[in-house]
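Q: Could we work through this structure together, taking one feature at a time? I would like to learn how each feature is read before turning to the case at hand.

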Amino acid sequence: MATIGFIGLGNMGGPMAANLAAKGFRVRAFDLVEAARQRAQEAGCEVVGDPREAVAEAEFAITMLPSGPIVRDLWIERDLLSAVPAGCLVIDCSTVAPEDSRALARAATERGLAFLDAPVSGGVAAAAAGTLAFMCGGEAADVERARPVLLAMGSRVFHAGGHGAGAAAKLCNNLLLAIHMIGTAEALQLGVDNGLDPKVLSEIMRASSGNNWSLEKYNPYPGVMEGVPAARGYQGGFAVDLMLKDLNLALDAARERGSAVPMGALARNLYALHRGADPERGRRDFSSILELFRRSAKSL
Ligand code: NAD
């Protein structure tokens, strides 16, 4: 089985690397945080002392990092690309701006290395279950080469187009996700303010034209569904700060192309209002946006 260098072992990268190790890949892993390194070791990865060591013997070098500036800093400014052996396929699974992916693709190409942007959808539960969807940007042959590795961490691999297309597809999806999560929270709170049971209202809307993923799979109202962040005080899941990051990236991409994204801009501003200056709110799951509507409600 191939050797994989894996950098960034957080909420997503940790279970992704664990799935690769469980499927028999040799995973040489690194993270800045000791607790993340410890978990990776327990999951069967070979934990190494720095990022260069992680990629030194890699046939596939994967990063799953918080942001585009961090990805660029590591691969380009700190020149991690120079530590990658010839023939290695570099894959960035982080959610970043399409321009960050294209910059990394150019830097990799200059060194004769192949690159894919391959951000994911599915969240922490899908990362743990190995059912992520990958949206790839790059050459078709490289997508095919990466497919067995990606399918060890997910269940679907899409080829969105050239370099940066995976990153762009991810931003479009998250823009829509933010919008339907906010709409779902708004409708549920309106129902509760008018005396409805949120469980009954959810059932009605799921069988009606208001049905959507946020309502059906990730209900934001506490007590409606088990196993979702709303059932555990909005802990874990996909942080408000990460959703804000993605919405800001989507707005940047829209500005560059002159696209009109009025709903996305409103979603970004509602999330900023919800978070305020409170880092604790920023760390909670994005379905906690429900509380913005709860705070504004009059009791019956
Ligand atoms: P996270 O903050 O839990 O994990 C990021 C990890 O990267 C941390 O463990 C951190 O220590 C490590 N790190 C940061 N800089 C590093 C460096 N220079 N070298 C080595 N390690 C470094 O974030 P996450 O939730 O795992 O998200 C990772 C990426 O996946 C983000 O781009 C996010 O937008 C995207 N994403 C997240 C979700 C989700 O539900 N959490 C879903 C889809 C996509």
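A: Let us start with a single residue: Y234 has a relative accessibility of 3% and is therefore counted as buried, the cut-off for that word being under 20% relative accessible area. The model is a predicted one, and Y234 is placed in the loop between α10 (213-217) and α11.

Q: What is the value of phi near which Y234 lies, and how should a reader take its sign?

A: The general idea is that most residues other than glycine have a negative phi. In Y234, phi is near 60°, a positive value in a residue that is not glycine.

Q: Where is D79 found, and is D79 buried, partly exposed or exposed?

A: D79 is found in the loop between α4 and β5, and because its relative accessible area is 25%, D79 is described as partly exposed. Phi of D79 is also positive, near 55°, and D79 too is a residue other than glycine.

Q: Which description of accessibility fits R232, and where along the chain is R232 found?

A: R232 is found in the loop between α10 and α11, and at 42% relative accessibility it counts as partly exposed. For a separation in space, one may take the C-alpha atoms of R232 and P222, which are ten residues apart along the chain and 8.2 Å from each other.

Q: How does D193 read when its element, its accessibility and a C-alpha separation are taken in turn?

A: D193 has its place in helix α8, which spans residues 165-193, and with a relative accessible area of 23% D193 is partly exposed. Its C-alpha atom is separated by 41 Å from that of M64, a residue 129 positions away along the chain.

Q: Turning to strands, how many residues of strand β8 are buried, and which residues point each way?

A: The idea is to ask about the two sides of a strand separately. Six of the six residues of β8 (residues 132-137) are buried, so this strand is largely enclosed by the rest of the structure. On one side point L132, F134 and C136, on the other A133, M135 and G137, and all of them are buried.

Q: Which strands are joined to β8, and in what sense does each pair run, parallel or antiparallel?

A: Strand β7 (residues 120-121) is joined to β8 by two bridges, and these two strands run antiparallel, whereas β8 and strand β9 (residues 154-161) pair in the parallel sense over six bridges. A133 is a useful residue to follow here, since S121 stands opposite A133 and A133 in turn stands opposite R156 in β9. Between β8 and β9 comes helix α7 (residues 140-151), and the three elements make a β-α-β unit that is right-handed.

Q: Which residues lie on the two faces of strand β4, and which strands are joined to β4?

A: Both faces of β4 (residues 60-63) are covered, with F60 and I62 buried on one side and A61 and T63 buried on the other. Strand β1 (residues 3-7) is joined to β4 by four bridges and runs parallel to it, with I7 opposite T63. Four bridges also join β4 to strand β5 (residues 89-92), again in the parallel sense, and V90 in β5 is the bridge partner of A61. From β4 the chain crosses through helix α4 (residues 68-77) to β5, and this β-α-β crossover is right-handed.

Q: Which residues come nearest to the ligand, and how is the shell around it made up by class?

A: A shell may be read by its nearest members and then by its make-up. Of the 24 residues around the ligand, those that come nearest are N11, M12, D31, L65 and T95, and by class the shell has 14 nonpolar, seven polar and three charged residues.

Q: At what distances from an oxygen atom of the ligand do atoms of M12, P66 and K245 lie?

A: A backbone N or O atom of M12 lies 2.8 Å from a ligand oxygen atom, and for a backbone N or O atom of P66 the distance is 3.3 Å. In K245 a polar side-chain atom is involved, 3.0 Å from an oxygen atom of the ligand. The ligand has 840 Å² of accessible area on its own, and the protein covers 86% of it. The elements that give two or more residues to the shell are α6 (123-129) and α11 (240-257).

Methods:
Residues are numbered from 1 along each chain as its sequence is written. This is a predicted model: local features need pLDDT of at least 70, side-chain atom pairs count only at pLDDT 80 or more; totals for chains, interfaces and linings use all residues. Side-chain values use heavy atoms; hydrogens and water are left out. Buried means under 20% relative accessible area, exposed over 50%, partly exposed in between (1.4 Å probe, protein chains only). Two strands pair if DSSP finds at least two bridges between them. A crossover is right-handed if, with the strands pointing away from the viewer, the path from the first strand over the helix to the second runs clockwise. A residue is near a molecule or strand if one of its heavy atoms lies within 4 Å of it. A polar contact is a pair of N or O atoms within 3.5 Å; within protein, one must be able to donate a hydrogen and the other to accept it, and residues adjacent in sequence count only if both atoms are side-chain atoms. Accessible areas come from the Shrake-Rupley method with a 1.4 Å probe; for residues, only the protein chains shown count as cover. Ala, Val, Leu, Ile, Met, Phe, Trp, Tyr, Cys and Pro count as nonpolar, Asp, Glu, Lys and Arg as charged, and the others, Gly among them, as polar.
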